[in-house]
Amino acid sequence: MRYCIAGQSHRGAVRESNQDVVDWRVNDSGDQALVVVADGMGGYQGGEIASRLAVEAVVELLESELSGSLSVTTDALVRDGLERAFALANERILDKRSEDAKLGKMGTTLVVAWVIGNRAHIAHIGDSRCYCLRCDQAICLTRDDTVVQNMLEDGSITEADVPNVPFKNVLTSAVGAIELVQPSYRVEGLENGDVLLLCSDGLTNSVPETQWLEIMKESDGMESTVQALIDAGLANEAGDNVSVVLLTLEY
C-alpha cells in the first residue's frame, strides 16, 4: 500500500492575493498521511495569516503522531488528535487577533484528512471540502458550515437557487472566529484506487463536480490532474483562490 499525493494553490483569475494554504505529510514507513487545506478570510493580510497559522498548527501537532504504531491507534485517539490540532489552530489565530486590531475579523476554513492504512479520518470547519472520487462518482465527505447549507436542509431554497443567493459564502463556523471550535468528524474506508480530493471553494464554485472525473481520466498522473483542475478553474474565471490536493491510495 502506498499514497501518491499532489497539490497546488493558485490565487485564481480575479484575486490579487492568495489566502489559501495547502500542505501534506507522509510518514517514513508510508502507512500514514496527513493532508490539510485552509481558506483564510478577514481582509488581505488577515486571511493569509489565519490560513497559514492554522495549517502550521495542524502539521506541528500531528506530524509527530504520524510515526505512531498502527496497532495502538484507535478512532478515539485519532479524533482526539484532530480536535486538539483544531483547538491549537483556533488558539493561535485568536491570540494573533488580540495583538492587532487590523486582524480582528480574520479566520479560516480548515479541512484535514489523516489517513491511516486504508481509513481516512476527516475533520473540518467551514466550506472547504473533502471528496472521495470512486467508480465515476465524486462523493462529498464533508458538510459546509454555511447559511446556504442550513437553508438547503430546512427547505428554504433548492440547489437551483444557490447561485442567486447573495450571501451564499457566509460561514456559520470558522477557525479563529469563536473561543471554542468543534470540528465535524467522520471516518471513510478507502478502496484500491480511491482518490481523496481536498479543496477550497474556489474549485467547487468554478468547476462542476461532474467535470472532475473527466479531467482525471484525461490527465497523465497526479500532478497533471491537479494542474488541469486549477486550469479549469482559471478558464472559468474563478472568482476566488483555487486550491486542490489529491491523495491516491494504491495497494
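A residue is called buried here when its relative accessible area is under 20%, and exposed when that area is over 50%. By this criterion strand 10, residues 242-250, is mostly covered, with eight of its nine residues buried. The model in which this strand is seen is a predicted one, and strand 10 offers a convenient point of entry to it.

The neighbours of strand 10 may be taken in turn. Strand 1, residues 2-10, runs antiparallel to strand 10 and is joined to it by nine bridges. Within this pair, R2 has E250 of strand 10 as its bridge partner, while A6 stands opposite L246. Strand 9 is likewise antiparallel to strand 10, and five bridges connect the two. Here L197 has L246 of strand 10 as its bridge partner. L246 is thus opposite A6 and is also the bridge partner of L197.

These strands belong to an open sheet of five strands, ordered 1-10-9-6-7 and paired in the antiparallel sense. Strand 1 and strand 7 stand at its edges; each has a single partner strand, so one side of each is left without a neighbour in the sheet. From one strand to the next, the twist averages 20°.

Two helices lie across this sheet. Helix 6 lies across strand 1, strand 9 and strand 10, and runs at about 25° to strand 1. Helix 5 lies across strand 6, strand 7 and strand 9, at about 55° to strand 6.

Helix 5 deserves a closer look at the level of residues. In this helix, residues 209-218, the buried residues are W212, L213 and I215. Viewed down the helix axis, the buried residues of helix 5 fall within an arc of 160°, so they line one face of the helix. On the other side of helix 5, T210, K217 and E218 are exposed. The cover over the buried residues includes strand 6 (129-134), strand 7 (137-140) and strand 9 (195-199), together with helix 4 (201-204) and helix 6 (222-235). The elements that cover helix 5 therefore include both strands of the sheet and other helices.A second open sheet is also made of five strands, in the order 2-3-4-5-8, again with antiparallel pairing. Its edges are formed by strand 2 (20-26) and strand 8 (184-189); each has a single partner strand, so one side of each is left without a neighbour in the sheet. Neighbouring strands of this sheet are turned by 10° against each other on average, direction ignored. Helix 2, residues 75-99, packs on the sheet and touches strand 4 (107-116), strand 5 (119-125) and strand 8. The direction of helix 2 makes about 155° with that of strand 4. At one edge of the sheet, strand 2 pairs with strand 3, residues 32-41, in the antiparallel sense over seven bridges. In this pair, V26 stands opposite A33 of strand 3.

The whole protein can now be considered. It contains six helices and ten strands. Its radius of gyration is 17 Å, close to the 18 Å that the globule rule gives for 251 residues, so the protein is as compact as a globular protein of that length. Along the principal axes, the C-alpha atoms fill a box of roughly 45 × 40 × 35 Å. Of the 251 residues, 50% are buried. Among contacts between residues at least 6 apart in sequence, 72% join residues at least 24 apart. The accessible surface comes to about 11500 Å², and carbon and sulfur atoms account for 47% of that surface.

Methods
Residues numbered from 1 in each chain as written. Predicted model: local features only at pLDDT ≥ 70, side-chain atom pairs only at ≥ 80, totals over all residues. Heavy atoms only, no water. Buried < 20%, exposed > 50% of the residue type's maximum accessible area, 1.4 Å probe, protein only. Helix = DSSP H or I, 4+ residues; strand = E, 2+ residues; numbered from the N terminus. Arc of directions from axis to C-beta. Contact = heavy atoms within 4.5 Å. Pairing = 2+ DSSP bridges. Axes fitted to C-alpha atoms, helices over the stretch in contact; angles between N-to-C directions. Rg over C-alpha atoms; globule rule 2.2 N^0.38 Å. Areas by Shrake-Rupley, 256 points an atom, 1.4 Å probe, with all protein chains shown as cover.
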